[in-house]
Amino acid sequence: MTFLCSGCAAISREATNNGNLTQTEVVLARKNFRVVGNVSGESEQNYWCGIGGMSKKSLGESAMSSMYRNADLKDSQAIINVNICYKNKYILIYSQRKAIATGTIIEFTE
């Protein structure tokens, strides 16, 4: 007896986490800063039958590192409102997990 299966499946799940890995606290009570722009960084891993790649924490840390590299901060600049978004894609026995870190670059004027 021969059994044949065929088909395609794709599932996408998105979750956002404010997993701020830096512990710096800045109070922005006064208007002593200006917004320079936004910055992002990505990291992705592939898995076959659930095997391979980094842990979710490592994937997020890698995306954060990429974001900080892309920011190219100057002396009086900082990144605020940091968030990490995780996206998962599943196709049969293959899955891909992507972490996207985003933040806002500010520059202190005083």
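**Salt bridges in a predicted model**

Lysine 98 and glutamate 44 form a salt bridge, with 3.9 Å between the closest N and O atoms. The model is predicted.

**Exercise 1.** Determine which strands the salt bridge between lysine 98 and glutamate 44 ties together.

Solution.
- The closest N and O atoms are 3.9 Å apart, and the cut-off for a salt bridge is within 4 Å.
- Lysine 98 belongs to strand β4 and glutamate 44 to strand β2, so the pair links parts 54 residues apart in sequence.
- Lysine 98 has 23% relative accessibility and counts as partly exposed.
- Glutamate 44, at 39%, is also partly exposed.
- Glu42, Glu44 and Lys98 are joined into one network by salt bridges that share partners.

**Exercise 2.** For the salt bridge between glutamate 107 and arginine 34, give the N to O distance, and state whether glutamate 107 is buried or exposed.

Solution.
- The N to O distance between the two side chains is 2.7 Å.
- Arginine 34 sits in strand β2 (residues 33-48) and glutamate 107 in strand β4 (residues 94-108), so this pair connects parts 73 residues apart in sequence.
- Buried means under 20% relative accessible area; glutamate 107 has 18% and is therefore buried.
- Arginine 34 has a relative accessible area of 44% and is partly exposed.

**Exercise 3.** Find the salt-bridge partner of lysine 74, and state how many salt bridges the structure holds.

Solution.
- The partner of lysine 74 is aspartate 72, with the closest N and O atoms 3.5 Å apart.
- Exposed means over 50%, so aspartate 72 counts as exposed at 52% relative accessibility.
- The structure holds four salt bridges.

How values were computed:
Residues are numbered from 1 along each chain as its sequence is written. This is a predicted model: local features need pLDDT of at least 70, side-chain atom pairs count only at pLDDT 80 or more; totals for chains, interfaces and linings use all residues. Side-chain values use heavy atoms; hydrogens and water are left out. Helices (H or I, at least four residues) and strands (E, at least two) are DSSP runs, numbered from the N terminus. Buried means under 20% relative accessible area, exposed over 50%, partly exposed in between (1.4 Å probe, protein chains only).
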